[in-house]
Amino acid sequence: KNANSMTTQTLDLASATLLGVSAVCAEPRGLVHDAAANTVTVACASGKLVSLNARDYSAAGTTSSVGE
């Protein structure tokens with residue numbers, strides 16, 4: 001169960017295997033994959049956007065807030 005965990009989880013849907021867990025923010029609300037940039041951006045309830053490297057889900061070095 002991932003509710004209230006302050007993380008996102010990476011799953012392999014074909015094998016139903018958990019590949020990894022990434023701490024992103026207190027209340028993750030959605031995410032989008034940008035194939036061209038090879039990133040996953042997580043939207044947080046606070047308005048913060050956290051970008052992760054799509055290969056290993058490490059921090060991509062970019063964090064911003066909506067409206068900046």
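**Exercise 1.** Identify the residues of the largest nonpolar core and the strands that each supply at least two of them.

*Solution.* The largest nonpolar core of this predicted model consists of six residues, namely Val24, Cys25, Val42, Cys44, Val50 and Leu52. Strand E4 (39–44) and strand E5 (48–53) each contribute at least two residues to this core. Next, consider the surroundings of Leu52, with neighbours within four places in sequence set aside. Its contacts then include Val24 and Val42, both of which belong to the core. Leu52 is also in contact with Thr8, Ser22, Asn38, Thr39, Val40, Tyr57, Ser58, Ala59 and Ala60.

**Exercise 2.** Locate the disulfide, determine its handedness, and state which parts of the chain the pair ties together.

*Solution.* A search of the whole structure yields one disulfide. The bond joins Cys25 to Cys44, with an S to S distance of 2.1 Å. Cys25 lies in the loop between E2 and strand E3 (28–34), whereas Cys44 lies in strand E4, so the pair ties together parts that are 19 residues apart in sequence. The torsion about the S-S bond is about -105°; the disulfide is therefore left-handed. Finally, Cys25 and Cys44 are buried, and both are members of the nonpolar core.

**Exercise 3.** Describe the nonpolar patch on the surface and classify Leu13 as buried or exposed.

*Solution.* The patch is formed by Leu11, Leu13, Leu18 and Val21, which together have about 430 Å² of accessible area. Leu13 is placed in the loop between strand E1 (7–12) and strand E2 (17–23). The relative accessible area of Leu13 is 74%. Exposed means over 50%, so Leu13 is classified as exposed.

Notes:
Residues numbered from 1 in each chain as written. Predicted model: local features only at pLDDT ≥ 70, side-chain atom pairs only at ≥ 80, totals over all residues. Heavy atoms only, no water. Core = buried A, V, L, I, M, F, W, Y, C linked by side-chain atoms within 4.5 Å. Buried < 20%, exposed > 50% of the residue type's maximum accessible area, 1.4 Å probe, protein only. Helix = DSSP H or I, 4+ residues; strand = E, 2+ residues; numbered from the N terminus. Contact = heavy atoms within 4.5 Å. Patch = residues over 30% accessible without salt bridge, like charges linked within 9 Å, V, L, I, M, F, W, Y side chains within 5 Å. Areas by Shrake-Rupley, 256 points an atom, 1.4 Å probe, with all protein chains shown as cover. Salt bridge = Lys/Arg side-chain N within 4 Å of Asp/Glu carboxyl O. Disulfide = S-S within 2.5 Å.
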